[in-house]
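These are my notebook entries on one structure, kept in the order in which I looked things up.

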Amino acid sequence: MEASVILPILKKKLAFLSGGKDRRSGLILTIPLCLEQTSMDELSVTLDYLLSIPSEKCKARGFTVIVDGRKSQWNVVKTVVLMLQNVVPAEVSLVCVVKPDEFWDKKVTHFCFWKEKDRLGFEVILVSANKLTRYIEPCQLTEDFGGTLTYDHMDWLNKRLVFEKFTKESTSLLDELALINNGSDKGNQQERERSIDLNFLPSVDPETVLQTGHELLSELQQRRFNGSDGGVSWSPMDDELLAQPQVMKLLDSLREQYTRYQEVCRQRSKRTQLEEIQQKVMQVVNWLEGPGSEQLRTQWGIGDSIRASQALQQKHEEIESQHSEWFAVYVELNQQIAALLNAGDEEDLVELKALQQQLSDVCYRQASQLEFRQNLLQAALEFHSVAQDLSQQLDGLLGMLCVDVAPADGASIQQTLKLLEEKLKSVDLGLQGLREKGQSLLDQISNQASWAYGKDVTIENKENVDHIQGVMEDMQLRKQRCEDMVDVRRLKMLQMVQLFKCEEDAAQAVEWLSELLDALLKTHIRLGDDAQETKVLLEKHRKFVDVAQSTYDYGRQLLQATVVLCQSLRCTSRSSGDTLPRLNRVWKQFTVTSEERVHRLETAVAFHSTAEKILQECPDQPEAFHEMEQFDEIEAVGKSLLDRLTVPVVYPDGSEQYFGSPSDMASAAEHIREKMKLVSLKKQQLRQPEATTPES
């Protein structure tokens, strides 16, 4: 019985094998009764089908039947239990009737199953759903009875249909393949061919059946080992239910017969291929040795320019395109011959190898000629490309040399000189590359005669050689002329670089001198706290002036050099005419400022020296009374110094500039006033003894 025949009945789920087992490892058969009237005939058909699935070994362990009567009437339950006696009396070991929460009327339950155990052949118990775990483990019960076992009836039914369909198709296919294979092994060659013609194609695709079988086997194995959370998962495709070994056995038989069937097909195909190969080989050989070779005999030039070489390449590509079609046939034929050699009979090997050798010799010889011609044209194109690039570089270099140099500054001169050197270097590399390409092309041309098929190509080769050598000699002469012009331009540009450098350095000297003047005015403002410190400041100032003098002399020398360079280049400097007046103006300002600084320091030295001398003398020394005139002198010097601190430096152009800030000058003046106060106090101390002497 097949599931597809009773599919509408099986869909009703009148009974099912959930995959659960009792404590004796017997299968659990569940009969879920419903409110609607259950057809006993359909239930009987369902039970017959379900009980045909397990193996005899599994049946021997017995079944535990769960009759779910919670939604049914007592008389229906009783009928089902009694029906089990007729359907599977020997296999049933225990029947668990699940009663509803409200038990049936005792009047209709007077039938005692336990008294009928001997007659029935199995034990029947009435149990509530929550008490069912006393007899069966929860993990073996479905969720309807409070268990954890998962069961999907439609999924099981679909897998069962696939299994039965595979079994039916594979069995039929095995018979057909066996008939075809056995027929090919009998009789002589003619009988084998006749048998193959009659039974050449099976009714179903073997690949499809094999794929279906592998997918089914994979599904069965996956469900067998697919556990969840450490529990026992539902496995209706277990080997005890759906017989994995049966699927594996069918797959093994199918693979064996299908392999033999493929061999039969290969033998027939090989014989047909051999005849076709012989015909195609002769077609390829005849064309390559005839029209193909004639096309190559007429093509030997290399062209005298890029355009000419490209035109020859295009023509060669057309020839190659025609050859490619025949080479594609050669590749296909070679693969077919190799396949036949690997699987051919002894009598076919000699003929196949001879065909393969003849075809390979002709194709390789023609391909070598095509490759040689292609390489020659490519080398000619590269030679002409390098020659054209070099010619353009020489034109660009010559154009650059013919333009007069009028740079804006030394940096642009350096950039132009660098660009000139780079262009000359690029020309050198280009000429070297041209020589290499030319020599390589000459070497290939010298070997061209070996592919001439007896055709005399000496005259044409001589024209090609003369053209190549003439191009290289012309480029060498043009490059030499450019080099001579570059030498002259390089010398002029180096002088211009030196000129701009001198002008820039002279301008820098003016900037340095201006910075020294600015530093003199802003930072050289202290007059010293005593004579010693003032003398040190005076000495430092002289050294500072020496630095400024050196800067001024350096600037003058640079400006003189620019005059000489301008005369050599026959040009006028743009900046030296402005730089010299600036240099002289800054130097005069620095000189005036320096002289004022020296005068102030010298006055300060005189002031501090006299003041210190007076302040260090003791009042009781008699000679002190004779030096009163020194007090008047020092007061005059101090006032003169204070007055100079308030007077600005006046430059020759009438402009004025002060030393430091007003606060700096006020600080210096305050120090002088303090010392003048000390001197005044000393003067008063000397006068007091003079006043007391007449009174005494």
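The entries below cover a sheet, the helices on it, some single residues and the nonpolar cores.

**Entry 1: the sheet.** I note at the outset that the model is predicted. I looked up the strand order and found an open sheet of 5 strands, β1-β2-β3-β4-β5, with mixed pairing. The edges are β1 (16-21) and β5 (123-127), each of which pairs on one side only. On average, neighbouring strands are turned by 25° against each other, direction ignored. I then examined one edge: β4 (residues 92-98) and β5 run parallel and are joined by 5 bridges. Valine 98 stands opposite valine 127 of β5.

**Entry 2: helices on the sheet.** Which strands does α2 lie across? I found α2 across β1, β2 (27-32) and β3, at about 165° to β2. Helix α4 also packs on the sheet, where it touches β2, β3, β4 and β5, and its direction makes about 175° with that of β4.

I checked the length of each helix. Helix α2 holds 12 residues (40-51); at 1.5 Å a residue it should span 16 Å, and its end C-alpha atoms are 16 Å apart, so the two agree. For α4, with 14 residues (74-87), the expected span is 20 Å and the end C-alpha atoms are 20 Å apart, which also agrees.

Next I listed burial. In α2 the buried residues are Leu43, Ser44, Thr46, Leu47, Tyr49, Leu50 and Leu51. In α4 they include Trp74, Val76, Val77, Val80, Val81, Leu84 and Val87. I recall the general background: an α-helix has 3.6 residues a turn, so residues three or four places apart point the same way.

**Entry 3: lysine 71.** I located lysine 71 in the loop between β3 (63-68) and α4. Is lysine 71 buried or exposed? Its relative accessibility is 56%, and because the cut-off for exposed is over 50%, lysine 71 counts as exposed. Beyond its neighbours within four places in sequence, lysine 71 is in contact with Leu33, Cys34 and Leu35. Proline 32 is 39 residues from lysine 71 in sequence, yet their C-alpha atoms are 8.6 Å apart.

**Entry 4: cysteines.** I searched for disulfides and the count came to 0. I also looked up two cysteines: cysteine 96 is buried at 0% relative accessibility, whereas cysteine 139 is partly exposed at 27%.

**Entry 5: phenylalanine 383.** This residue lies in helix α12 (residues 346-402). Phenylalanine 383 has a relative accessible area of 0% and is therefore buried. Setting aside residues up to four places away in sequence, phenylalanine 383 touches Leu434, Lys437, Gly438, Leu441, Ile468, Val471 and Met472. Arginine 435 is 52 residues away from phenylalanine 383 in sequence and 8.8 Å away in space, C-alpha to C-alpha.

**Entry 6: nonpolar cores.** Which residues touch the most other members of the largest nonpolar core? They are Leu434 and Leu441, in a core of 76 residues. At least two residues of this core come from each of α12, α13 (410-446), α14 (458-522), α15 (531-569), α16 (576-616), α17 (628-645) and α18 (662-695). The largest share, 19 residues, is supplied by α14. I followed leucine 441 further: apart from neighbours within four places in sequence, leucine 441 is in contact with Ile302, Leu376, Ala379, Ala380, Phe383 and Ile468. A second, separate core has 38 residues, among them Ala3, Val67, Val76 and Trp156.

Methods:
Residues are numbered from 1 along each chain as its sequence is written. This is a predicted model: local features need pLDDT of at least 70, side-chain atom pairs count only at pLDDT 80 or more; totals for chains, interfaces and linings use all residues. Side-chain values use heavy atoms; hydrogens and water are left out. Helices (H or I, at least four residues) and strands (E, at least two) are DSSP runs, numbered from the N terminus. The expected span of a helix is 1.5 Å times one less than its number of residues. Buried means under 20% relative accessible area, exposed over 50%, partly exposed in between (1.4 Å probe, protein chains only). Contact means heavy atoms within 4.5 Å. Two strands pair if DSSP finds at least two bridges between them. Axes are lines fitted to C-alpha atoms, for helices over the stretch in contact, and angles run from 0 to 180 degrees between N-to-C directions. A disulfide is a pair of cysteine sulfur atoms within 2.5 Å. A nonpolar core is a set of buried Ala, Val, Leu, Ile, Met, Phe, Trp, Tyr and Cys residues joined through side-chain atoms within 4.5 Å.
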